[in-house]
Amino acid sequence: MLLNLAQILQPTREHGFAVGGFNVTESTMFKALVEQAEADAAPLIVQVSPNEFCFAEKEQYLYFVARLQRSANPFALHYDHSKSYEGCVQAVQAGFTSVMFDGSHLPYEENVRLTRKVVEMAHAAGVSVEGEIGCIGETADFEHGVVTDMVYSTPEDAVRFAQSTGVDALAVSIGTVHGLLPKGFVPELQQERLKQIAAAVDVPLVLHGGSGTPEEQVAQACRNGICKVNISSEFKHAYYQSVQRFIAANPTAVSPTLVLKDAVQEVKRVVHTKLTTFGTIGKAGLYAGQTHRVEAVRPTETND
């Protein structure tokens, strides 16, 4: 069952859970995510970043779409952190049911203008849009635990941005960091700020930088209004650590099915843990009978 972002997040607040968005690069990781979500009867969002999108051939996404459509489990296919309008158009043309335009690095008015432009394009095709207000922290010095560029979201800005753009979901900054956490850095999520934002806006809220954030803080955030949590570095790190261990122990092994066997199980282990934290396990039944249709979008020229 392939849904858009608005559809897959629709029951989250009422039923008190969040849907995990997991970034994948290639088909082995994708297979592990899908199979674990199906085993847990949990809705799940498969995500692809712009660099991952460009790394693969477009035929990979035809496979992703076909596999998700034939599953009885609810999924969405999401293009994550696009910095350009053109990237969002390409993702819609590739069959993605959701896109994120990340204009958090831009002046506020420019962020609003370009996000609204993406919303108009995507909604015409039945595709959902996620926007971002505030800035998630970035690791500046891994060894010394330095984080920069964090700008917390405010309820006032969140309301104004959501109303001005028409986004279907809104990523907010409440203390998380992209990527693996720097040594000695432990995020402290601003739960009261989150409650205030959730009370002020109607659209589902998204937590980026979920990798490595203490599970109890993430679980509390899901109870306080977060409807989608992004995970990438944590399960990929487990995947590649497994591959490294196998190769070190079996230097003459040449079969990818052997090399990747344990890595796939590591991905599934991390995904199951996260779905448990988000309260997502067993929620697939909430989506019975839903369908989604994506309209064609033609390439457009723009000077933005």
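Select valine 99 in strand 5 and look across to strand 6, where its bridge partner is valine 129; keep in mind throughout that this is a predicted model. Extending the selection to residues 98-101 shows the whole of strand 5, which pairs with strand 6 in the parallel sense over three bridges. To follow the connection between these two strands, trace the chain from strand 5 through helix 7, residues 108-124, and on to strand 6, a β-α-β crossover that is right-handed.

Next, select residues 128-133, which make up strand 6; because six of its six residues are buried, strand 6 is largely enclosed by the rest of the structure. Colouring the two faces separately helps here, since Ser128, Glu130 and Glu132 lie on one side while Val129, Gly131 and Ile133 lie on the other, and both sets are buried.

From strand 6, move on to strand 9, residues 169-172, with which strand 6 pairs in the parallel sense over four bridges. Two positions are useful for finding the register by eye: glutamate 130 has alanine 169 of strand 9 as its bridge partner, and glycine 131 stands opposite leucine 170 in strand 9. With strand 9 displayed as side chains, Ala169 and Ala171 can be seen to point one way and Leu170 and Val172 the other way, and all of them are buried.

Leucine 170 also leads to the next strand, for it stands opposite leucine 205 in strand 10. Select residues 205-207 to show strand 10, which runs parallel to strand 9 and is joined to it by three bridges.

Now turn to the cysteines, and select residues 222 and 227. Which cysteine sulfur is the nearest to that of cysteine 222? It belongs to cysteine 227 and lies 8.6 Å away, and cysteine 222 is in no disulfide. Seen from the other side, the sulfur of cysteine 227 has its closest cysteine sulfur in cysteine 222, and the 8.6 Å between them is too far for a bond, given that a disulfide requires sulfur atoms within 2.5 Å. A search of the whole structure likewise finds zero disulfides. Cysteine 222 counts as buried, at 6% relative accessibility, and cysteine 227 is buried as well, with a relative accessible area of 1%.

Finally, select helix 11, residues 233-249, together with helix 13, residues 261-278, whose axes come within 8 Å and cross at roughly 155 degrees. That angle makes helix 11 roughly antiparallel to helix 13, and the crossing of helix 11 and helix 13 is right-handed.

Notes: Residues numbered from 1 in each chain as written. Predicted model: local features only at pLDDT ≥ 70, side-chain atom pairs only at ≥ 80, totals over all residues. Heavy atoms only, no water. Buried < 20%, exposed > 50% of the residue type's maximum accessible area, 1.4 Å probe, protein only. Pairing = 2+ DSSP bridges. Right-handed = clockwise from strand over helix to strand, strands pointing away. Axes fitted to C-alpha atoms, helices over the stretch in contact; angles between N-to-C directions. Parallel < 35°, antiparallel > 145°, perpendicular 65-115°, else oblique. Left-handed = near helix turned anticlockwise from the far one by under 90°.
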